[in-house]
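Colleague: Got a minute to go through this one with me? I'd like to ask a few things about it.

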Amino acid sequence: MVYNRPQNIFNIGVIIAGEKEGRKSNDEVIICMTGGLPTEDVAWGYKVYQNALENNIGTKLPLWDSSYLTK
């Protein structure tokens with residue numbers, strides 16, 4: 001099979017949904033390209049963090065005693 005043809009390129013969601021067959025052997029590779037904006041990731045991360053704080057969900061991890069930038 002030639003993989004760089006448009007009929008062989010599709011959204012990975014169709015594999016996850018079971019609409020298309022995924023790999024048939026360990027020799028085959030699935031390449032997933034994602035797109036987006038890092039600012040969106042930060043915005044969503046902050047929203048998730050705020051929701052966790054409000055609902056007392058998760059475990060707070062101490063990553064450092066003080067900020068490296070304030071030394």
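What follows is a short chat about a predicted model.

Colleague: Let's start with helix 2: how far apart are its end C-alpha atoms?

Modeller: Helix 2 covers 38-54, which makes 17 residues. At 1.5 Å a residue, a helix like that should span 24 Å, and the model agrees with this expectation. So the end C-alpha atoms are apart by 24 Å.

Colleague: And how many residues of helix 2 are buried?

Modeller: To count as buried, a residue needs to be under 20% relative accessible area. Helix 2 is hardly covered. Among its 17 residues, the buried count is zero.

Colleague: Which residue after helix 2 has a positive phi?

Modeller: Look in the segment that comes after 38-54. The phi there is about 50 degrees, although the residue is not a glycine. The residue is also exposed, because its relative accessibility is 74% and the cut-off is over 50%. It's N56.

Colleague: N56 also lines the second largest pocket; how many charged residues does that lining have?

Modeller: That pocket has a volume of about 170 Å³. Its lining includes V48, Y49, A52 and L53, and further along I57, G58, T59 and K60. By class, five of the lining residues are nonpolar and three are polar. The charged count is one.

Colleague: Last one, on rings: which residue lies over the face of F10?

Modeller: Aromatic pairs don't come into this, as the structure holds zero of them. What sits over the F10 ring is a charge, at 5.1 Å from the ring centre, and the cut-off is within 6 Å. The residue is K20.

Conventions. Residues are numbered from 1 along each chain as its sequence is written. This is a predicted model: local features need pLDDT of at least 70, side-chain atom pairs count only at pLDDT 80 or more; totals for chains, interfaces and linings use all residues. Side-chain values use heavy atoms; hydrogens and water are left out. Rings of Phe, Tyr and Trp (its six-membered ring) pair if their centres lie within 6.5 Å; planes under 30 degrees apart count as stacked, over 60 as edge-to-face and the rest as tilted. A charge sits over a ring if NZ of Lys or CZ of Arg is within 6 Å of the ring centre and within 35 degrees of the ring normal. On a 1 Å grid over the protein atoms alone, a cavity is a set of points where a 1.4 Å probe fits but cannot get out, and a pocket is an open set with protein on both sides within 12 Å along at least five of seven lines; lining residues have an atom within 4 Å of a point. Grid points are joined across faces, edges and corners, and a volume is the space filled by probe spheres set on the points. Ala, Val, Leu, Ile, Met, Phe, Trp, Tyr, Cys and Pro count as nonpolar, Asp, Glu, Lys and Arg as charged, and the others, Gly among them, as polar. Helices (H or I, at least four residues) and strands (E, at least two) are DSSP runs, numbered from the N terminus. Buried means under 20% relative accessible area, exposed over 50%, partly exposed in between (1.4 Å probe, protein chains only). The expected span of a helix is 1.5 Å times one less than its number of residues.
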